[in-house]
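Student: Could you pick a single part of this model and go through it closely, along with whatever surrounds it?

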Amino acid sequence: MLRLDGVSRRYIGAERAALDSVSWQLRPGVTGLVGSNGAGKSTLMRILTGSDAPSEGTVEWAGLDLASASGRTALHRELGYLPQEFTVDRGARCGDVLAYIAWLKEIPRADSAGEVDRVLGAVGLADRRRTRVSSLSGGMRQRLGVAQALLGRPTVLVLDEPTAGLDPRQRRIVRDLLVQEARRASVLVSTHLIEEVAALGGQVALLDEGRLRFTGSVAELAGRGGGTADSVGALEQGIWAVLDETEVDG
Ligand SMILES: Nc1ncnc2c1ncn2[C@@H]1O[C@H](COP(=O)(O)OP(=O)(O)OP(=O)(O)O)[C@@H](O)[C@H]1O
């Protein structure tokens, strides 16, 4: 279980904490992470994956503190992460990029080629193994980023806006893929699209100005908005209701 306890993150010179006393754990299945621009979603994801350290509080994976090298190593064996800015050598071929990441992930050499083909197929890039990254469209590059996160069948998947820049059909392909992955993994997906949260189902975590304002199921959040989980309008209303409630509570 990946877990945050009292986590805050203050960037030097910033007026407020990017994350403020967040205690939370990532559950099995899919969780949509929502919040407005600057709410702290990417910061939370960097801290959860051990890419950044909290200013206060602890992050634990399977009982090990991510402040320790052993904790980070244990997590990285199980983790697939798509950071907000996924950058790779544009001159490299897609298959080589993935083979290199497979090597970093310590996937056995005998399995590497098969695994590269599997993840390329999963994101609809099966025919792009020898294509250079520079020749991909923006949406294809984004899907390559999703593909690298899937290498090695991780049990924890953290994806920062994986469907950003994808057309509706591709968004759906990636979304269905994540729902499928969530049958055997804990999947955290940040998004600005409420309809995406509805389509993913599962859990929702709502961040606002660095504070975790809601965690619960899509159905619960929609219920706060006076509707059912399949209603995007009810989910939007639910988010507003949560933010209003918290303001009143101070
Ligand atoms: N490296 C940094 N240095 C200083 N401030 C930062 C840094 N990274 C993020 N911030 C600030 O921390 C806050 C949270 O940013 P973060 O990127 O985590 O939000 P977000 O919810 O992912 O936003 P978006 O939806 O726009 O991607 C913002 O106020 C941002 O300006």
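Tutor: Here is one helix, taken from its length to its neighbours.

It's a predicted model, so to speak with care: local features need pLDDT of at least 70, side-chain atom pairs count only at pLDDT 80 or more, and totals for chains, interfaces and linings use all residues. Numbering starts from 1 along each chain as its sequence is written.

The part I'd pick is helix H5 (138-150); helices (H or I, at least four residues) and strands (E, at least two) are DSSP runs, numbered from the N terminus. Its length first: H5 has 13 residues, which should span 18 Å at 1.5 Å a residue, and its end C-alpha atoms sit 19 Å apart, so the two agree. The expected span is 1.5 Å times one less than the number of residues. Right after H5 comes Gly-152, with a positive phi near 85 degrees.

Now look at how H5 sits. Of its 13 residues, 10 are buried, so H5 is largely enclosed by the rest of the structure (buried: 20 or more other C-beta atoms within 10 Å of its own; exposed: 12 or fewer; partly exposed: in between; C-beta atoms are placed from the backbone). Follow the buried ones along the helix: Met-140 and Gln-142 come up, then Arg-143, Leu-144, Gly-145, Val-146, Ala-147, Gln-148, Ala-149 and Leu-150. Notice that Arg-143 is on that list, and so are Gln-142 and Gln-148.

What covers these buried residues includes helices H3, H4 and H6 (168-181), plus strands S6 (79-82) and S7 (156-159); contact here means C-beta atoms, placed from the backbone, within 7 Å.

Turn to H4 (residues 109-122) and you see the packing from the other side. The buried residues of H4 are Val-116, Val-119 and Leu-120, and they pack against H5 and against H3 (94-104). H4 has 14 residues and reaches 20 Å from first C-alpha to last, close to the 20 Å expected at 1.5 Å a residue. Just after H4, Gly-124 takes a positive phi as well, about 75 degrees.

Finally, back to Ala-147 on H5: together with Leu-48, Leu-98 and Val-158, Ala-147 touches the most other members of the 68-residue largest nonpolar core (buried Ala, Val, Leu, Ile, Met, Phe, Trp, Tyr and Cys joined through C-beta atoms within 7 Å). Val-158, leaving aside residues up to four places away in sequence, touches Met-45, Leu-48, Thr-49, Leu-79, Tyr-81 and Leu-188.

How values were computed. Two residues are in contact if their C-beta atoms, placed from the backbone, lie within 7 Å.
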